[in-house]
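Reader: Hello! I am new to this structure and would love a close look at a single part of it. Could you take me through how its helices pack and what spaces lie among them?

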Amino acid sequence: MDEHSNHPTDRPLLRRVWKGTGLLVLGRLWGSACTLAILFVLARHLEASAFGRFTFYLAAFALLDSLTDLGTGSVAVQRTADDPGAVGGVLRAARRIRVVSALSCSVVVAGGAFAFGEPGAAWIAVASLYPLTHALELSATVFRNRIAWGVPVAVRAGAATVGMALVWLGYDAGIEEPALFLLAVATGSATANVALHLASRRHLPRACEPAAPWRPLLAQALPLGIAGLCQQAYFYVDNVFVRAIAGPIDLGHYNVGVRIMSYAIAVAVYASLAALPWLTREHAAGRLGDAVARLLQPLLASAGLGVGLCLPWTEQVLGLFGPGFGSAASSLRWLLLAAAAVYAGSGLLTALVATGKARAVLAVSILALGVNLVGNTLLVGPLGIEGAAIATLATELCVVAGALAALVRAGVRGLAGERRRRWLAGALLMAAAAWVSARLPVEAWLQAAGTLPS
């Protein structure tokens, strides 16, 4: 008898997790396609250093998102997934925390832009206000609890289209100020948050409930918030090193590779996001280790296959963005390997969140940030952007090891799963796919399509 037959009630939930993951990935594919289209257009439109500054602030705004959240999104799910009656009070308290953190972020970003004399500082300051709308985005907790991602995905996809359209209008008008294009992207993000709130309103409690005490909520959220900030920091802090040491032109080339990596890890990130309510319930039932194996084994296999297919062709892919971008080919290869590691690390960290071990999540994230800072300090100088990419790979491997060790210390059993050999599928598929892909006439196909010079 299959061992999972003893708990068949989790099968519909797991199916909803995979369905939610599929929807989220489709939405991410569209959103990332919009971002890549923006980068493709602006890489050819803006002067090289201006394009580098634009990508720098895109990375900085990703940190703003994490700072504004401060862990309130995950805690809202933890507190309300099994207690729908608590939704109103929890969201009111979480919104207050987000408004304060968003305003603080805006002051820091605007002040920094003016203090360092950034071109377009006034527009950067205006764009930095968009995290305020994350307070409204909390309403989408009702969809997360139901593992019902159709509406949020549709809204996000529509907003990404809005941002892309605004950038295209600016390009068509001949605008050459990077900060205005940054404002266009921020406007698209803000549109999504407002639309998500409007779509969620009919599912929210109609009674005006008093806000939950904000201090306990903040105390519960803060370790996750700091961990999330560390995770964003070790993903983007290399921008500071590369811009300072290698310069804005190399930074622009490097950040295209980072965006491709971001595109590649979409399945891992959203599978973990969709799985959190399910993993939380599986932990309560004592089945977390088995659930992690069932989630991660197919994810790692798909990651190995995808990364292997792409590894031989990084120079050609980057060459699509214009002359000079192929110089980042070696760094992109390291970033793709880091993406494969994310497929393990993201799921393991989410499982750790499901156990309620917020301090362990924080410890792993701080350790990974430390590895990233040391790696960038030692490697960017002698190796340039390739050194930054190697530091990223080391960081993601540290996350995998740290999260796995923390789960074992938390007493989670059965992480190997019932079919242990499946953990090897990712590495084997990566090697096989890279061997096959290197023998395909991809460059000739691109030349025939007119996207690469003959």
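Author: Happy to help; what follows starts with one helix and its partners, then moves on to the pockets and a cavity. Please keep in mind that this is a predicted model.

Let us begin with α16, which covers residues 329-354, and its partner α18, which covers residues 385-409. Two packed helices are described by the angle between their axes and the distance between the axes. For α16 and α18 the angle is about 20°, and the axes lie 8 Å apart. Angles under 35 degrees count as roughly parallel, so α16 is roughly parallel to α18. The crossing in which α16 passes α18 is left-handed. What kinds of residues make up the contact of α16 with α18? There are 22 nonpolar residues in this contact, along with 4 polar and 2 charged ones.

Next, stay with α18 and look at its other partner here, α17, which is made of residues 358-383. The axes of α17 and α18 are again 8 Å apart, but the angle between them is about 160°. An angle over 145 degrees counts as roughly antiparallel, and α17 and α18 are therefore roughly antiparallel to each other. As for handedness, α17 passes α18 in a right-handed crossing. The contact of α17 with α18 holds 17 nonpolar, 7 polar and 1 charged residues.

Now return to α16 and turn to its packing with α13. The axes of these two helices, α13 and α16, come within 8 Å and cross at roughly 25°. That angle makes α13 roughly parallel to α16. Their crossing, that of α13 and α16, is right-handed.

A good residue to find on your screen is Ala274, which sits in helix α13. Is Ala274 buried or exposed? Its relative accessible area is 1%, so Ala274 is buried. If you look from Ala274 to Thr350, you are looking across 76 residues of chain, yet the C-alpha atoms of the two are separated by 10.0 Å. Thr350 falls within the residue range of α16, 329-354.

Both α13 and α16 also help to form a space, the largest pocket. This pocket has a volume of about 520 Å³. Its lining has 21 residues, and those closest to the centre are Ile260, Tyr263, Ala264, Cys310 and Leu336. Besides α13 (266-284) and α16, the elements that give two or more residues to this lining are α1 (10-45), α12 (248-264), α14 (288-310) and α15 (314-319). Which element gives the largest share of the lining of the largest pocket? That is α14, with 5 residues. By class, the lining of the largest pocket has 18 nonpolar and 3 polar residues, and no charged ones.

The second largest pocket takes us to another set of helices. Its volume is about 390 Å³. Of the 18 residues that line the second largest pocket, Phe56, Tyr57, Ala60, Leu63 and Val240 lie nearest its centre. At least two lining residues each come from α2, α4 (87-115) and α11 (238-245). Among these, α2 supplies the largest share of the lining, 7 residues. The lining of the second largest pocket divides into 14 nonpolar, 2 polar and 2 charged residues.

Helix α2 (48-69) appears once more, at an enclosed space. The model has 3 cavities of 30 Å³ or more, and the second largest cavity holds about 70 Å³ of space. Which residues line the second largest cavity? They are Arg53, Phe54, Tyr57, Pro119, Ile124, Glu177, Pro178, Ala179 and Leu182. Both α2 (48-69) and α9 (178-200) supply at least two residues of this lining. Of the residues that line the second largest cavity, 7 are nonpolar, none are polar and 2 are charged. Notice Tyr57: it is among the residues lining this cavity, and it is also one of those nearest the centre of the second largest pocket.

One last stop is Leu70, in the loop between α2 and α3 (72-80). Its phi is near 50°, a positive value in a residue other than glycine. With a relative accessible area of 15%, Leu70 is buried.

Methods
Residues are numbered from 1 along each chain as its sequence is written. This is a predicted model: local features need pLDDT of at least 70, side-chain atom pairs count only at pLDDT 80 or more; totals for chains, interfaces and linings use all residues. Side-chain values use heavy atoms; hydrogens and water are left out. Axes are lines fitted to C-alpha atoms, for helices over the stretch in contact, and angles run from 0 to 180 degrees between N-to-C directions. Helices (H or I, at least four residues) and strands (E, at least two) are DSSP runs, numbered from the N terminus. Angles under 35 degrees count as roughly parallel, over 145 as roughly antiparallel, 65 to 115 as roughly perpendicular and the rest as oblique. A crossing is left-handed if the near helix is turned anticlockwise from the far one by less than a right angle, and right-handed if clockwise. Ala, Val, Leu, Ile, Met, Phe, Trp, Tyr, Cys and Pro count as nonpolar, Asp, Glu, Lys and Arg as charged, and the others, Gly among them, as polar. On a 1 Å grid over the protein atoms alone, a cavity is a set of points where a 1.4 Å probe fits but cannot get out, and a pocket is an open set with protein on both sides within 12 Å along at least five of seven lines; lining residues have an atom within 4 Å of a point. Grid points are joined across faces, edges and corners, and a volume is the space filled by probe spheres set on the points. Buried means under 20% relative accessible area, exposed over 50%, partly exposed in between (1.4 Å probe, protein chains only).
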